[in-house]
Amino acid sequence: MKKSDRITALVGELGAGPAGALDPHYTGYFTCFNAQQYYEAHDVLEHLWLRTEGGDRLFFKALIQLAGAFVHLQKNFLHPAHLKHATRLRPAVRLFNLAARNLEPYAPAHLRLDVARVLRLCRDLAAEIETSDFARNPWHPTGAPQLHLSAS
């Protein structure tokens with residue numbers, strides 16, 4: 001199955017939402033992210049990002065980078081002694097910083113997302129990892145952050 005077919009099927013499983021609502025790839029990103037399916041969140045939104053031009057393209061890219069940072073944290077948490085996964089904290093910080101830089105123009109809110117809150121999350125997690133000299137992963141499945149869209 002091609003990646004685009006797999007993403008279309010996944011978005012279909014997540015539900016499209018009411019007519020006139022936000023793109024299901026965008027809302028699907030948050031469903032996956034909040035289920036700690038960060039790689040899937042990345043893929044779902046990438047599908048939308050690739051066909052977006054103009055103002056929201058950088059916004060979607062930043063959210064993809066955010067999900068990528070969490071992929072690194074999750075893999076590091078699950079496999080801390082693994083040769084490849086043990087070194088994922090630096091790339092996570094790099095992606096948090098890129099996501100924050102790309103989200104800044106959209107603060108304080110965009111497409112029903114509290115961008116200011118996401119910026120704090122990126123900066124706080126990057127700082128926590130850097131302060132530990134890249135030795136401590138702040139991510140834990142029981143306290144993983146949730147991202148929610150406002151009602152309007």
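This is a short dialogue on reading helix packing and burial in a predicted model.

Trainee: Before going into detail, how many helices and strands are there in the protein, and in which order do the elements run from the N terminus?

Mentor: An overview of the elements is a sensible start, and in this predicted model the protein has six helices and two strands. Read from the N terminus on, the elements follow the order α-α-α-α-α-β-β-α.

Trainee: At what angle do helix α4 and helix α5 pack, and how far apart are their axes?

Mentor: One takes the angle between the two axes together with the distance between them, and then looks at the residues in the contact. Here helix α4, residues 57-78, packs with helix α5, residues 89-103, at an angle of about 160 degrees, and their axes are 8 Å apart. Because angles over 145 degrees count as roughly antiparallel, α4 and α5 are roughly antiparallel to each other. The contact of α4 with α5 is made of 16 nonpolar, five polar and one charged residues, and α4 passes α5 in a left-handed crossing.

Trainee: Are α2 and α4 roughly parallel or antiparallel to each other?

Mentor: The reading goes by the angle again, and for helix α2, residues 24-34, and α4 the angle is about 15 degrees, with the axes 12 Å apart. Angles under 35 degrees count as roughly parallel, and therefore α2 and α4 are roughly parallel to each other. This crossing, in which α2 passes α4, is left-handed.

Trainee: Which residues of α2 meet which residues of α4?

Mentor: From α2 come Tyr26, Tyr29, Phe30 and Phe33, and they meet Phe59, Phe60, Leu63, Leu66, Ala67 and Phe70 in α4. Sorted by character, the residues of the contact of α2 with α4 are 10 nonpolar, no polar and no charged.

Trainee: Turning to a loop, does Thr52 count as buried or exposed, and why?

Mentor: Burial is judged by relative accessibility, with values under 20% counting as buried. Thr52 has 12% relative accessibility, and so Thr52 counts as buried, although its place is in the loop between α3 (38-49) and α4. Leaving aside residues up to four places away in sequence, Thr52 touches Arg57 and Phe60; Phe60 is also among the α4 residues that α2 meets.

Trainee: What percentage of the residues of the protein count as buried, and what area does the protein expose?

Mentor: Of its 152 residues, 43% count as buried, while the protein exposes about 8100 Å², of which carbon and sulfur atoms supply 54%. For contacts between residues at least 6 apart in sequence, 63% join residues at least 24 apart.

Methods:
Residues numbered from 1 in each chain as written. Predicted model: local features only at pLDDT ≥ 70, side-chain atom pairs only at ≥ 80, totals over all residues. Heavy atoms only, no water. Axes fitted to C-alpha atoms, helices over the stretch in contact; angles between N-to-C directions. Helix = DSSP H or I, 4+ residues; strand = E, 2+ residues; numbered from the N terminus. Parallel < 35°, antiparallel > 145°, perpendicular 65-115°, else oblique. Left-handed = near helix turned anticlockwise from the far one by under 90°. Nonpolar A, V, L, I, M, F, W, Y, C, P; charged D, E, K, R; others polar. Buried < 20%, exposed > 50% of the residue type's maximum accessible area, 1.4 Å probe, protein only. Contact = heavy atoms within 4.5 Å. Areas by Shrake-Rupley, 256 points an atom, 1.4 Å probe, with all protein chains shown as cover.
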